[in-house]
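This report concerns the fold of a single chain and selected details of its strands and surface. The sequence and the coordinates are shown first.

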Amino acid sequence: MRLALLGCGNVGSEVVRLMRTRGEELAARVGEPVEIAGIAVRRLDRDRSHLPVGPEMFTNDALSLVKREDVDIVVEVAGGIEPARTWITTALGEGKSVVTANKALLAEDGPALSAAAKAGGADLYYEAAAAAAIPLMRPLRESLHGDTINRVLGIVNGTTNYILSAMSQSGASFEEALGEATELGYAEADPTADVDNYDAAAKAALIASLAFHTHIDLGEVYREGIRGVSAADIASAAAEGRVVKPLCIATREADGVSVRVHPAMIPRNHPLANVNGAYNAVFVEAESAGRLMFYGAGAGGTETASAVLGDIVAVARNKRGGITAFPPEAAYQDLPVKPIGEARTRYHVSLDVVDEPGVLARVAATFAHHGVSLATVHQSGRGDDAQLVVVTHTAADKQLSDTVDELSQLTSVHQVTSVMRVEGE
């Protein structure tokens with residue numbers, strides 16, 4: 001059985017290396033050898049002498065490689081929307097199963113790709129798209145297919161988790177922690193996709209679509225990055241026995257589903273609180289299976305290639321048996337996606353206030369006016385350093401947003417310095 005590899009960066013290079021070093025084991029698991037027919041790259045002049053394949057294996061004509069009659073499986077690890085979409089739809093249209101790690105494309109065009117796979121009688125696997133080496137997609141699509149998943153809470157981006165972990169452990173500012181992550185290779189030269197949570201939003205859309213049997217469009221995922229998290233937020237969380245984590249939260253409710261990615265405070269004794277560095281973890285709550293946690297490396301060439309190889313073995317077995325395993329996306333429930341204003345959680349609000357009698361009463365009255373009850377209030381500092389820190393009971397996001405807008409207009413409030421959600425309690 002032969003495959004076309006599209007892309008030979010960090011992940012693609014590791015796929016090549018692992019297929020050569022584990023060739024006999026893979027053949028035994030599939031039932032026949034699996035070989036690389038060709039590798040499509042953007043630049044043929046780049047030095048790839050470290051790879052265990054000759055220069056004749058490389059081409060810059062990916063589409064022709066996909067269409068070759070001796071290609072049975074197409075593995076796409078190049079990323080991006082186009083031309084990856086054309087390559088994948090062409091392969092599926094010719095009945096060639098596809099393995100991809102392209103979360104952005106899947107989040108944007110998942111239903112169309114699923115339809116193309118069904119029409120072509122081919123498999124579409126994407127275990128590596130959501131959490132690299134962590135086996136999450138297949139448990140959601142297979143192991144938990146007989147259960148009802150009500151909530152998914154996780155850390156799905158290693159860069160943001162590394163940054164917030166460094167801020168918590170060393171007291172570093174966001175800029176300092178980002179610089180450290182960049183030096184270590186955890187953050188790209190342009191970290192926008194990570195720190196502004198575009199990457200996590202795409203993963204959240206994939207995870208929620210599988211968990212709730214409802215297609216979640218990328219634009220329906222509420223997204224808030226971590227640039228606004230300050231050292232003061234980290235210190236305030238620690239003082240209350242909490243830590244700040246970059247969370248992906250997907251919840252099934254009676255009237256729809258809610259999907260969001262943003263930083264939040266969680267209790268220090270929560271299972272996700274001790275997931276540090278570039279590691280990822282996803283906490284799944286199902287009606288029958290209860291609480292399950294998936295943990296491991298959420299990034300890295302070798303780690304991601306491990307998940308890609310697992311999918312290659314699965315689709316090769318199916319191909320050998322003349323079957324396709326299941327629809328890649330079973331969006332039969334078609335649940336409505338609720339706007340962020342209807343999401344309900346607790347909130348941690350910090351305010352710089354005027355140091356005078358009656359301030360606390362006016363602030364409390366503003367929260368009460370919007371139906372937000374207070375769990376705790378802490379007042380500190382004197383004079384120009386006077387501050388209030390409020391933790392609320394559960395309220396709708398719009399209630400809190402309206403409260404903050406009114407607080408900002410009070411003459412006794414200099415500034416609302418921080419608003420952060422509190423989860424996992």
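The text below proceeds from the whole chain to one strand and then to one surface patch.

**Overall dimensions.** The model is predicted. A compact globule of 425 residues would have a radius of gyration near 22 Å, and the 24 Å of the chain agrees with this. Along the principal axes, the C-alpha atoms fill a box of roughly 80 × 45 × 35 Å. The secondary structure comprises 15 helices and 17 strands. Of the 425 residues, 54% are buried. Contacts between residues at least 6 apart in sequence join residues at least 24 apart in 74% of cases. The exposed area of the chain is about 17,900 Å², and carbon and sulfur atoms supply 48% of that area.

**Strand β1 and its partners.** Strand β1 spans residues 2–6 and is mostly covered, with four of its five residues buried. The pairings of β1 with β2 and with β4 are listed below.

| Strand paired with β1 | Sense | Bridges |
|---|---|---|
| β2 (residues 35–40) | parallel | five bridges |
| β4 (residues 73–76) | parallel | four bridges |

Individual positions can be assigned within these pairings. Leu6 has Ala40 of β2 as its bridge partner, while Leu3 stands opposite Ile73 in β4.

**A nonpolar surface patch.** Tyr279, Met293 and Tyr295 together make a nonpolar patch of about 310 Å² on the surface. Met293 lies in strand β12, which covers residues 290–297. Because its relative accessible area is 35%, Met293 counts as partly exposed. This value also satisfies the patch criterion of over 30% relative accessible area. In a regular strand, side chains alternate between the two faces of the sheet.

Notes
Residues are numbered from 1 along each chain as its sequence is written. This is a predicted model: local features need pLDDT of at least 70, side-chain atom pairs count only at pLDDT 80 or more; totals for chains, interfaces and linings use all residues. Side-chain values use heavy atoms; hydrogens and water are left out. Patches are made of residues with over 30% relative accessible area and no salt bridge: like charges are joined within 9 Å, nonpolar side chains (Val, Leu, Ile, Met, Phe, Trp, Tyr) within 5 Å. Accessible areas come from the Shrake-Rupley method with a 1.4 Å probe; for residues, only the protein chains shown count as cover. A salt bridge is a side-chain nitrogen of Lys or Arg within 4 Å of a carboxyl oxygen of Asp or Glu. Helices (H or I, at least four residues) and strands (E, at least two) are DSSP runs, numbered from the N terminus. Buried means under 20% relative accessible area, exposed over 50%, partly exposed in between (1.4 Å probe, protein chains only). The radius of gyration is taken over C-alpha atoms; the globule rule is 2.2 Å times the number of residues to the power 0.38. Contact means heavy atoms within 4.5 Å. Two strands pair if DSSP finds at least two bridges between them.
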